[in-house]
Amino acid sequence: MSDTRLKNIVGTIFILSHCVVVSLILIFRAIGWYEDDILKVSLPIILPIFASFTSLIVDNSVKNQKSTMSNNNSTNLLFRFIIIALPITFFGLLVFILLKYAFARDSIENLALYLGIVESAFAVYISKMIIILFK
C-alpha cells in the first residue's frame with residue numbers, strides 16, 4: 001500500500017467518523033433522546049480535537065493536491081494495521097459512549113467524563129499518527 005493511499009484511507013476514516021459522532025449527537029437531540037445539556041457537554045469536548053486533526057489533514061491534502069499517485073513507497077504491515085485500527089477504535093468508543101448515554105440514561109457527568117477520557121487518551125496517539133501521515 002502506498003503512503004498516499006494510506007493517508008487517503010486514514011484521513012477519510014478520521015474525518016467521516018468524527019462527522020458521524022457529531023451527527024449522532026445532533027440527531028439524538030433532535031429526536032429527543034438527548035437534552036440540551038448533552039450538547040453543552042459533549043460538543044465542546046469533541047469538536048476542538050476534531051477541528052485540530054481535521055485541519056492538519058485538510059492542510060496536507062490541499063498542499064499535496066498537485067502531487068501524483070506515482071509515489072509507490074510501501075509501508076510495513078504493522079504500521080498499516082496501527083494507523084488504520086486506531087481511528088476506527090477511537091470512533092467505535094465514541095459511538096459506544098453516545099449510545100450508552102442515549103439508551104441507559106447515564107448521568108451527564110459520566111458522559112462528560114467518558115468523552116473527555118477517550119478524547120484525551122486517543123489525542124496523544126492520533127496526533128502522532130496525524131503528524132506522521134500529514135505533516
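Biologist: How many salt bridges does a search of the whole structure find?
Modeller: This is a predicted model, and side-chain atom pairs count only at pLDDT 80 or more. A salt bridge needs a side-chain nitrogen of Lys or Arg within 4 Å of a carboxyl oxygen of Asp or Glu. Searching the whole structure on that basis gives one salt bridge.

Biologist: Which residue forms a salt bridge with R29, and is R29 buried or exposed?
Modeller: The closest N and O atoms of the pair are 2.7 Å apart. R29 has a relative accessible area of 27%, so it falls between the 20% and 50% cut-offs and counts as partly exposed. Its partner is also partly exposed, with a relative accessible area of 40%. That partner is D36.

Biologist: What pattern does the protein chain follow along the sequence?
Modeller: The secondary structure comes to four helices and zero strands. Read along the sequence, the pattern is therefore written with helices alone. It is α-α-α-α.

Biologist: How many residues has helix α1, and what does it reach from its first C-alpha to its last?
Modeller: Helix α1 covers residues 3–30, which is 28 residues. At 1.5 Å a residue, a span of 40 Å is expected. The helix in the model is close to that, reaching 40 Å.

Biologist: Which residue follows α1 with a positive phi?
Modeller: Within α1, the buried residues include L6, F14 and F28. After the helix comes a residue whose phi is near 95°. That residue is G32.

Biologist: Which element gives the largest share of the largest nonpolar core?
Modeller: The core has 34 residues, and Y34, L98, I126 and M129 touch the most other members. The elements that give two or more residues to this core are α1, α2 (36–63), α3 (77–104) and α4 (108–134). The largest share is 10 residues, and it comes from α4.

Biologist: Which residues does M129 touch, not counting those up to four places away in sequence?
Modeller: M129 is one of the residues that touch the most other members of the core. Leaving out its neighbours up to four places away, its contacts are V10, I83, L86 and P87.

Biologist: Where does W33 lie, and what is the accessible area of its surface patch?
Modeller: W33 lies in the loop between α1 and α2. Its relative accessible area is 31%, so it is over the 30% that a patch residue needs. It forms a nonpolar patch on the surface with I27, I31, L99 and F103. Together they have an accessible area of about 480 Å².

Definitions and conventions: Residues are numbered from 1 along each chain as its sequence is written. This is a predicted model: local features need pLDDT of at least 70, side-chain atom pairs count only at pLDDT 80 or more; totals for chains, interfaces and linings use all residues. Side-chain values use heavy atoms; hydrogens and water are left out. The expected span of a helix is 1.5 Å times one less than its number of residues. Buried means under 20% relative accessible area, exposed over 50%, partly exposed in between (1.4 Å probe, protein chains only). A nonpolar core is a set of buried Ala, Val, Leu, Ile, Met, Phe, Trp, Tyr and Cys residues joined through side-chain atoms within 4.5 Å. Contact means heavy atoms within 4.5 Å. Patches are made of residues with over 30% relative accessible area and no salt bridge: like charges are joined within 9 Å, nonpolar side chains (Val, Leu, Ile, Met, Phe, Trp, Tyr) within 5 Å. Accessible areas come from the Shrake-Rupley method with a 1.4 Å probe; for residues, only the protein chains shown count as cover.
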